[in-house]
Amino acid sequence: MAPDPLSETLSALADPTRRAILARLAQGEATVNELASPFSMSLPAISKHLKVLERAKLISRGRHAQWRPCRLEPEPLQAVDSWLADYRKLWEDRLERLDTYLATLQDKRTQEGDIND
């Protein structure tokens, strides 16, 4: 059974080298050699990372003469952002409730201080 697209995306994003490759591709297309240049690893190792990113549909490879430039594909990242949005809203609501609670406690302390004066 194949993993769902979100799981594949998150798995691909779990590796710092792959995240660095995506960051570079966010600036524009690049060849494998250009993507490999900042890393101290072999081209076959970089190619393995690219295959993982390609399988997760985070990148695609085009054809331009003898070059096969890689490009970032934003759709899987948008899916992750949508999935996280629900949790972001949950935590924002919880933080708002905590702020309200803390403000209530502060008001009580202030009122108790006024009574004791």
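This is a short talk on a few side-chain contacts and one surface patch in the structure above.

Hi everyone, thanks for coming. Please keep in mind that we are looking at a predicted model.

Let me begin with serine 60. Serine 60 sits in strand β1, which covers residues 59-61. Is this serine buried or exposed? Its relative accessibility is 18%, so serine 60 counts as buried, the cut-off being under 20%. What does its side chain pair with? There is a polar contact to the side chain of glutamate 73, at 2.5 Å. If we leave out residues up to four places away in sequence, serine 60 touches Pro69, Cys70, Arg71 and Glu73.

One of those neighbours, Arg71, takes us to the salt bridges. How many does a search of the whole structure find? The count is four, and I'll walk you through some of them. As a general reminder, side chains of opposite charge can pair when their charged atoms come close.

Arginine 71 forms a salt bridge with glutamate 29, with 2.8 Å from N to O. This pair ties together distant parts of the chain, 42 residues apart: arginine 71 belongs to strand β2 (residues 70-72), while glutamate 29 is in the loop between α2 (16-25) and α3 (32-36). Arginine 71 has a relative accessible area of 29%, so it is partly exposed. Glutamate 29 is partly exposed as well, at 43%.

Next to serine 60 in the numbering comes arginine 61, whose side chain meets that of glutamate 54 in a salt bridge of 3.3 Å, N to O. Arginine 61 is partly exposed because its relative accessible area is 22%, and glutamate 54 gets that label at 31%.

Then there is aspartate 81 with arginine 88: the closest N and O atoms of this salt bridge are 3.2 Å apart. Aspartate 81 is partly exposed at 42% relative accessibility, and arginine 88 is partly exposed at 39%.

Now, on to the nonpolar surface. Which residues make the nonpolar patch? They are Leu10, Trp83, Leu84, Tyr87, Leu90 and Trp91, and together they form about 570 Å². Helix α5, residues 75-116, gives the most to this patch, with five residues. Tyrosine 87 is in helix α5, and with 43% relative accessibility it counts as partly exposed.

To wrap up, I'd keep two pictures in mind: buried serine 60 with its polar contact to glutamate 73, and the nonpolar patch to which helix α5 gives the most. Thanks for listening!

Note on methods:
Residues are numbered from 1 along each chain as its sequence is written. This is a predicted model: local features need pLDDT of at least 70, side-chain atom pairs count only at pLDDT 80 or more; totals for chains, interfaces and linings use all residues. Side-chain values use heavy atoms; hydrogens and water are left out. Helices (H or I, at least four residues) and strands (E, at least two) are DSSP runs, numbered from the N terminus. Buried means under 20% relative accessible area, exposed over 50%, partly exposed in between (1.4 Å probe, protein chains only). A polar contact is a pair of N or O atoms within 3.5 Å; within protein, one must be able to donate a hydrogen and the other to accept it, and residues adjacent in sequence count only if both atoms are side-chain atoms. Contact means heavy atoms within 4.5 Å. Patches are made of residues with over 30% relative accessible area and no salt bridge: like charges are joined within 9 Å, nonpolar side chains (Val, Leu, Ile, Met, Phe, Trp, Tyr) within 5 Å. Accessible areas come from the Shrake-Rupley method with a 1.4 Å probe; for residues, only the protein chains shown count as cover.
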